[in-house]
Amino acid sequence: MNSPVHQSHELGAFLKARRAELSPDQVGLPPAYRPRRVRGLRREEVAQLAMISTDYYTRLEQGRLAGASINVLDAIANALRLGDDQRTYLYKLTNKKITPRATPAERVRPQAQLLLDNLVNTPAMVLGRCLDVLAWNSLATALFIDFGQIPRRYRNFVRLLFLDSGVRGRYDDWPSMARICVAFLRTAVAEHPADPRLIEVVGDLSIHDPDFRSWWAERRVDYQTSGTKSLRHPVAGAFTLDWQLLHAAHDGQTIIAMTAPPGETRSHEALRFLTAWTDPPPASSIGQGVTGTAATQRS
């Protein structure tokens with residue numbers, strides 16, 4: 001059996017090795033303004049990400065701390081982007097007898113999907129706790145992208161907003177909408193700091209988009225629940241939509257619905273056009289060479 005001294009030494013070496021593998025931009029921190037004496041993250045940066053004091057983390061890494069709680073270990077594991085095996089090893093080094101539990105997959109209630117389908121002239125989606133797109137109606141597909149063709153791992157609204165040129169191009173004022181979504185993610189991380197899906201989404205965006213890295217480092221929290229945005233569709237043209245969030249009582253999920261502002265004739269026309277664009281042809285007309293149907297316009 002390993003002695004406590006050996007385990008403390010191994011814990012320190014393990015933590016040092018893991019932080020040496022990460023750079024500030026990978027975890028959403030701003031670039032350093034002074035030369036680095038060590039490769040990877042500094043101790044104070046790990047402490048900042050884990051929301052613990054630098055002294056506490058230093059004593060843990062140097063073997064001068066008898067033990068740490070599960071919550072602290074989880075926060076450090078999240079900060080260092082540890083995988084499941086690495087997280088389990090961290091627990092073993094600190095004599096913790098539990099392993100990380102998988103987060104259950106989010107499911108959309110049939111009633112929520114029925115609500116979306118009944119919103120015929122309103123683009124609407126169900127977003128999960130990490131802003132994954134869990135369900136949508138046909139008008140949301142026409143407005144943004146065919147969500148059903150996107151692998152589930154990448155079917156995240158914030159990820160699409162930053163990394164998909166089509167979704168990104170829908171918004172005339174893209175930075176404003178993007179910053180709103182970054183603030184949403186920041187709020188979600190505060191509520192579910194150990195959620196592996198959140199860690200994956202934030203880490204992925206931090207690596208691939210410099211705007212996300214910059215705005216994430218600002219730690220802005222502004223949970224906006226409604227607004228008005230100008231959009232530009234490659235087929236329907238330019239128009240304006242109001243948007244609002246509706247919260248499910250028990251699932252931690254959110255429905256985002258988009259409607260044409262009162263009196264905005266151009267916006268109403270655009271939604272009617274997109275609705276017709278997505279409608280299948282009548283059964284009696286299939287195969288009869290009917291033009292102008294959704295099927296022919298989308299081919």
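Reader: By class, what residues make up the lining of the largest cavity?

Author: This is a predicted model. In it, the lining of the largest cavity has nine nonpolar residues, no polar ones and no charged ones. The residues are Leu127, Phe157, Met177, Ile180, Cys181, Phe184, Trp243, Leu245 and Ile256.

Reader: What makes Cys181 and Trp243 count as nonpolar?

Author: The class list decides. Cys and Trp both stand among the nonpolar types. Cys181 and Trp243 are two of the residues that line the largest cavity, so they are counted as nonpolar there.

Reader: Why is this space called a cavity and not a pocket?

Author: A cavity is a set of points where a 1.4 Å probe fits but cannot get out, whereas a pocket is an open set. The largest cavity has a volume of about 70 Å³. The count comes to four cavities of 30 Å³ or more.

Reader: Which element supplies the largest share of the lining of the largest cavity?

Author: α10 does, with four residues. Both α10 (174–191) and β4 (237–247) supply at least two.

Reader: What does the second largest pocket look like by volume and lining class?

Author: Its volume is about 460 Å³. The lining has 14 nonpolar, four polar and four charged residues. Of its 22 lining residues, Leu49, Met51, Asn78, Val189 and Pro193 lie nearest the centre. α4 gives the most to this lining, with five residues.

Reader: Asp74 lies in α4 too. Why is Asp74 called buried?

Author: Buried means under 20% relative accessible area. Asp74 has 16%, so Asp74 is buried.

Reader: How do you know that Asp74 makes a polar contact with Tyr91?

Author: The limit is 3.5 Å between N or O atoms, one able to donate a hydrogen and the other to accept it. The side chains of Asp74 and Tyr91 make such a contact at 2.2 Å, so the distance falls within the limit. Beyond its neighbours within four places in sequence, Asp74 is in contact with Arg87 and Tyr91.

Reader: What makes a group of residues a nonpolar core?

Author: The members must be buried, of the listed types, and joined through side-chain atoms within 4.5 Å. The largest such core has 50 residues, and Met125, Phe144, Phe147, Phe157, Phe162 and Leu185 touch the most other members. α10 gives the most to this core, with ten residues. A second, separate core of 27 residues includes Leu15, Val27, Ala68 and Leu90.

Reader: Which residues is Phe144 in contact with, leaving aside its neighbours within four places in sequence?

Author: Phe144 is in contact with Met125, Phe157, Val167, Arg170, Tyr171, Leu231 and Met258.

Key. Residues numbered from 1 in each chain as written. Predicted model: local features only at pLDDT ≥ 70, side-chain atom pairs only at ≥ 80, totals over all residues. Heavy atoms only, no water. 1 Å grid on protein atoms, 1.4 Å probe; cavity = no way out; pocket = protein on both sides within 12 Å on 5 of 7 lines; lining within 4 Å. Points joined across faces, edges and corners; volume = space filled by probe spheres on them. Buried < 20%, exposed > 50% of the residue type's maximum accessible area, 1.4 Å probe, protein only. Contact = heavy atoms within 4.5 Å.
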